[in-house]
Amino acid sequence: METSLSQQEFDYLFKLLLIGDSGVGKSTLLLSFTSDNFEDLSPTIGVDFKVKHVTVGGKKLKLAIWDTAGQERFRTLTSSYYRGAQGIIMVYDVTRRETFTNLSDIWAKEIDLYSTSHDCIKMLVGNKVDKESERVVTRKEGINFAREYGCLFLECSAKTRVNVEQCFEELVLKILETPSLLAEGSSGVKKNIFNQKPAQDVSVSGCCSW
Ligand SMILES: Nc1nc2c(ncn2[C@@H]2O[C@H](COP(=O)(O)OP(=O)(O)OP(=O)(O)O)[C@@H](O)[C@H]2O)c(=O)[nH]1
Ligand SMILES: [Mg+2]
């Protein structure tokens with residue numbers, strides 16, 4: 001995946017969403033993807049987002065990536081951000097079993113309730129594989145869950161950056177192969193999906209690459 005130099009033009013604008021329990025590493029994964037950095041971040045308050053321009057499969061893409069808070073007290077707020085997402089990344093922590101069981105208890109249900117795009121591509125990501133000695137969820141369990149729920153699947157480490165780019169690249173490639181999502185991606189430019197966010201009620205960090 002190349003980061004595009006010209007950030008003015010793009011073929012498609014895709015909205016991606018990161019969901020999963022608090023502490024699984026959603027914000028760290030996003031930071032790792034957008035700025036190659038690893039920092040010990042605080043829990044997200046509400047919703048955050050970053051933009052990254054990439055070229056995938058010969059197409060110039062503008063990715064608007066929304067990073068939701070995993071804490072339950074933000075659930076009402078975060079539920080409105082599923083609207084119009086072409087790709088949803090469900091993250092769990094391979095060293096914390098409850099973050100995996102909550103995928104079916106909470107997160108898959110949230111997608112069913114709030115996602116508005118029938119063809120939306122889902123990706124399951126098992127994070128923190130750098131802590132191999134503390135692993136409690138096997139790769140096989142991840143694969144089985146992904147198969148059952150019709151998701152793509154990868155294990156990664158936001159800390160070492162293993163598979164971080166691949167998580168986004170595989171998701172985006174699949175979106176590019178889905179005609180109905182492509183149509184949304186191009187009309188999204190006209191609708192300006194950034195306007196859906198009320199300016200006052202969420203924390204928004206600086207975008208990495210407008
Ligand atoms: N070892 C290791 N630690 C990680 C990794 N990813 C994230 N962390 C750590 O896990 C903790 C939580 O990471 P966050 O990115 O804030 O988690 P989050 O999912 O955004 O949490 P909420 O915003 O509360 O939903 C931080 O201390 C990170 O440094 C990883 O791949 N490996
Ligand atoms: Mg966060």
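Guide: A pocket, on a 1 Å grid over the protein atoms alone, is an open set of points where a 1.4 Å probe fits, with protein on both sides within 12 Å along at least five of seven lines. A molecule sits in a pocket if more than half of its atoms lie within 2 Å of its grid points. In this predicted model, local features need pLDDT of at least 70 and side-chain atom pairs 80 or more, while totals for chains, interfaces and linings use all residues. Residues are numbered from 1 along each chain, chains are lettered from A and ligands numbered from 1 as written, and side-chain values use heavy atoms, without hydrogens and water.

Visitor: Where does ligand 1 sit?

Guide: Ligand 1 occupies the largest pocket. Around it are 22 residues (a heavy atom within 4 Å), and the closest include Lys26 and Asp40. Helix α1, residues 26-35 (a DSSP run of H or I, at least four residues), gives the most to this shell, with 3 residues.

Visitor: Which polar side-chain atom lies 2.9 Å from an oxygen atom of ligand 1?

Guide: A polar contact pairs N or O atoms within 3.5 Å. Here that atom belongs to Ser27. The backbone helps too: a polar atom of Gly70 is 2.7 Å from a ligand oxygen, and an N or O atom of Gly25 is 3.0 Å from one. Alone, ligand 1 exposes 660 Å² (Shrake-Rupley, 1.4 Å probe), and the protein buries 89% of that.

Visitor: How many salt bridges does the structure hold?

Guide: Side chains of opposite charge can pair when their charged atoms come close. With a cut-off of 4 Å between a Lys or Arg side-chain nitrogen and an Asp or Glu carboxyl oxygen, there are 6. In one of them, Lys128 pairs with Asp93 at 3.3 Å. Lys128 lies in the loop between β6 and α4 and Asp93 in strand β5 (strands are E runs of at least two residues), so the pair ties together parts 35 residues apart in sequence.

Technical notes. A polar contact is a pair of N or O atoms within 3.5 Å; within protein, one must be able to donate a hydrogen and the other to accept it, and residues adjacent in sequence count only if both atoms are side-chain atoms. On a 1 Å grid over the protein atoms alone, a cavity is a set of points where a 1.4 Å probe fits but cannot get out, and a pocket is an open set with protein on both sides within 12 Å along at least five of seven lines; lining residues have an atom within 4 Å of a point.
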